[in-house]
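User: I have a model open and want to go through its pockets and its sheet. Can you take my questions as they come?

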Amino acid sequence: EKGYETGEHAPGLKLGGCGAYKAAHHIIKTHAKVWHSYNNTWRREQRGMVGISLTSGWGEPVDPHSQTDRDAAERYIQFHLGWFANPIYRGDYPEVMKNYVGRKSAQQGLGTSRLPSFSVQEKTYIKGTSDFLGIGHFTTRYVLQKNFPFLQVSSYHTDPDLAELVDPNWPAPGPKWLYSVPWGFRRLLNFIKTQYGNPLIYVTENGVSETLQCPQLCDEWRIQYLKGYINEILKALNDGVNVKGYTAWSLLDKFEWNKGFSERFGLYHIDFKNKNKPRYPKASVDYYKKIISANGFPNPREVMS
């Protein structure tokens with residue numbers, strides 16, 4: 001979406017309304033081809049696994065008693081996670097995506113939907129091409145219905161007819177988009193369990209950045225973030241979600257898309273101005289080491305069930 005629709009990231013193409021959908025369509029088909037290649041050629045000998053890693057926030061209805069808000073929150077998840085996961089686990093794009101993009105394409109006078117379609121053969125070829133689901137998750141939004149006028153040029157952002165809100169009380173130690181909302185992760189994981197037949201899950205990315213450098217390396221907010229989110233994963237395990245592994249994002253401060261080195265996700269601080277790039281452990285390193293050593297929380301009483 002940022003590479004082919006808004007042009008914010010490389011390759012910087014502004015193919016409004018259709019670029020993101022076309023790029024995703026090719027990614028999904030290519031992923032399936034790679035999975036089948038491994039399955040047919042190397043799996044018997046190597047016994048490895050091929051999966052896909054998808055990043056998604058959680059969308060919570062502003063008013064859980066409002067069907068309109070619940071539907072909007074459902075669209076939020078389907079337009080993020082379902083966009084890729086639904087073809088791989090269920091054989092096609094989510095119905096709500098096909099309906100909304102198709103309807104808006106028709107209103108624009110287009111002969112076909114801006115969302116490409118899979119042939120019957122492609123659907124069969126793609127369905128089931130994941131031995132595990134990798135999940136990157138960072139934050140949550142409250143979601144409600146918002147209608148965009150027909151005259152506006154439709155885009156991936158306006159197609160689902162929704163608005164995203166945040167609770168100002170949510171901690172936001174890093175960039176403007178990343179609020180700490182641990183309970184959203186448990187709900188996302190349970191959604192995956194229900195929607196896609198409880199697949200094997202590896203959490204491939206979960207963490208928080210800082211935009212203001214902490215000179216004492218005292219990233220207490222990162223410790224609280226990790227504690228909260230890992231605790232919700234443990235609750236999801238108790239719910240029967242098939243989570244097999246967890247990766248904190250990230251080990252080191254690194255180059256962060258168009259933010260460069262200014263946004264730091266690392267457990268280790270990197271001095272980028274020094275040619276040797278020395279690494280310094282933040283407070284979260286000691287905390288995370290204890291979690292790794294205990295394979296859980298060292299003191300079970302520090303978290304709530």
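User: Which element gives the largest share of the lining of the largest pocket?
Analyst: That is α3, with 6 residues. Keep in mind that this is a predicted model.

User: What else supplies at least two residues there?
Analyst: Besides α3, the elements are α1 (19-41), β1, β4 (140-145) and β5 (162-165).

User: How much space lies in that largest pocket?
Analyst: About 1800 Å³. The lining has 48 residues, and those closest to the centre are Glu1, Lys2, His9, Thr55 and His80.

User: And how does the lining of the largest pocket divide into nonpolar, polar and charged?
Analyst: There are 24 nonpolar, 13 polar and 11 charged residues.

User: What about the second largest pocket, how much space is in it?
Analyst: About 320 Å³. It has 14 lining residues, with Ile230, Tyr246, Ile291, Asn295 and Gly296 nearest the centre. By class, 10 are nonpolar, 3 polar and 1 charged.

User: Which elements supply at least two residues each to that second lining?
Analyst: α7 (220-238), β7 and α8 (283-294) do.

User: Switching to the sheet. In what order do the strands run?
Analyst: The order is β1-β3-β6-β7, an open sheet of 4 strands with parallel pairing.

User: Why is one side of β1 and of β7 left without a neighbour in the sheet?
Analyst: β1 (52-55) and β7 (243-246) are at the edges and have a single partner strand each, so one side of each has no neighbour in the sheet. On average, neighbouring strands are turned by 30 degrees against each other, direction ignored.

User: How many bridges are there between β3 and β6?
Analyst: Strand β3 (residues 133-136) pairs with β6 (residues 201-205) over 4 bridges, in the parallel sense. Leu133, for instance, has Ile201 in β6 as its bridge partner.

User: Which strands does α3 touch?
Analyst: α3 packs on the sheet against β1 and β3, and its direction makes about 150 degrees with that of β1. Helix α6 (residues 182-195) also packs on the sheet, touching β3, β6 and β7, at about 155 degrees to the direction of β3.

User: Back to α3 then. Is Asn86 buried or exposed?
Analyst: Asn86, which sits in α3 (residues 67-90), is buried because its relative accessible area is 8%, and the cut-off for buried is under 20%.

User: What does Asn86 touch, leaving out residues up to four places away in sequence?
Analyst: Asn86 touches Gln78, Gly91, Asp92, Tyr93, Pro94, Gln195 and Tyr196.

Key. Residues numbered from 1 in each chain as written. Predicted model: local features only at pLDDT ≥ 70, side-chain atom pairs only at ≥ 80, totals over all residues. Heavy atoms only, no water. Buried < 20%, exposed > 50% of the residue type's maximum accessible area, 1.4 Å probe, protein only. Contact = heavy atoms within 4.5 Å. Pairing = 2+ DSSP bridges. Axes fitted to C-alpha atoms, helices over the stretch in contact; angles between N-to-C directions. 1 Å grid on protein atoms, 1.4 Å probe; cavity = no way out; pocket = protein on both sides within 12 Å on 5 of 7 lines; lining within 4 Å. Points joined across faces, edges and corners; volume = space filled by probe spheres on them. Nonpolar A, V, L, I, M, F, W, Y, C, P; charged D, E, K, R; others polar.
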